[in-house]
Amino acid sequence: MPLRQLLEEVRAKPLPQHVAIIMDGNGRWAKARGLPRSEGHRQGSATAERIVRFVAQERLFPYLTVFAFSTENWDRPKSELDFLFALLEEFARTRLEELRQSGVELRILGDLAPFPPSLQEALRAAVEASRGGRNLVFTVALNFGGRWDVLTAARRAMALAQAGKLAPEELTLERFRALLPGGALPDPDLLIRTGGHQRLSNFFLFEAAYTEFYFTPTLWPDFTEEELLLALKDFQSRTRNFGKVGA
Ligand code: IPE
Ligand code: IPE
Ligand code: MG
C-alpha cells in the first residue's frame, strides 16, 4: 500500500499521544552484513533521524521517545561505548539542527552525569537550542532504566518527607508519578520494540502499566515509515479496557 494511502487511513482514526520505541537490532544488522557492530549503530542513528523527521513533518503524534542507551548498556566493550558516545555527540552537534527546523523539541531522559563531559555539554546545548519546537517532543532515553526511574522518585519522596513537606498518606499515585523522571511525559500509549525480542529490558516500568506493545522482528536499521504506520494501524485496531468491562 502506498505510504500516502496508509497515512490517510491512520489519520482517520484516533492516534496515540505518546509512542515509545526500543530501537534494538543494530548489532545483528551489522553482523548479517559482515560489518562491525558500529556500522549497525551508524545506520540505526540514520533510521532514528528519518523516523523523527517523518513524525514531526506529518505531525502524527506529539510525543516520541526512543530508548538509546540503558543503565545496563554500560557493560558493553569500551570501544562500542566510545563509538555510541561519539555518534550521540555528532547528532547533538550537527544533525539536530535539521530536525529543529522540522519543529522538533529535544529532551533527554536519564542521568547524564556518567557520560563524557563534551557529550553532556553537546546534549544540553541541543536541548536548549530546540526548546519551543512545535511539532514533536522527541525524548531520547539515555542512561535510563525503569528501575532507576522508580528509585529516583522514591528518593525524591524521601527527601520531601525529611524536609517535612510530605506525609506518607499524602504520597498518592498521582504525586508519586509526578516525582518520576519519566513522569514529565504522558504515559506511552504504544511501545514498539524492533529486533525480535519480546521484553522490556528495563525501559518504562511504572509508566507502561497500560501501554500497548508492538513487537517486530525488523532490525532497527531496517525500520521504515511504512512499518511505523502499520504499527499505528495495529494499535488503532485494539480495544483498551484499562481494567473496565470492554465495549
Ligand atoms: C540497540 O541495538 C542499540 C543499543 C542498545 C545501543 P543492539 O546494539 O542491542 O543490537 P543487537 O541487539 O545486538 O542486535
Ligand atoms: C534495549 O536493548 C536497550 C536499548 C535499545 C537502548 P538491549 O539490546 O540492551 O536489550 P537486551 O540486553 O537484549 O535485553
Ligand atoms: Mg540488543
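Reader: Which residues on the other side of helix 5 are exposed?

Author: This is a predicted model, in which local features need pLDDT of at least 70 and side-chain atom pairs count only at pLDDT 80 or more, while totals for chains, interfaces and linings use all residues. Residues are numbered from 1 along each chain as its sequence is written, chains are lettered from A and ligands numbered from 1 in the order in which they are written, and side-chain values use heavy atoms, without hydrogens or water. Helices are DSSP runs of H or I with at least four residues, and strands are runs of E with at least two, numbered from the N terminus. Opposite the buried side of helix 5, the exposed residues (over 50% relative accessible area, 1.4 Å probe, protein chains only) are Pro117 and Glu121.

Reader: Within what arc do the buried residues of helix 5 fall?

Author: Buried here means under 20% relative accessible area, and in helix 5 this applies to Leu119, Gln120, Ala122, Leu123, Ala126, Val127 and Ser130. These residues line one face of the helix, because the directions from its axis to their C-beta atoms fall within an arc of 165°.

Reader: Which elements do the buried residues of helix 5 pack against?

Author: Contact is counted for heavy atoms within 4.5 Å. The partners of these buried residues are helix 4 (78–101), strand 3 (104–109) and strand 4 (136–144).

Reader: How far from an oxygen atom of ligand 2 is a polar side-chain atom of Ser201?

Author: Polar contacts with ligand 2 are pairs of N or O atoms within 3.5 Å. The side chain of Asp24 has such an atom at 3.2 Å from a ligand oxygen, and that of Asn73 at 2.9 Å. For Ser201, the distance is 2.6 Å.

Technical notes
Polar contact = N/O pair within 3.5 Å; in protein donor to acceptor, adjacent residues only side chain to side chain.
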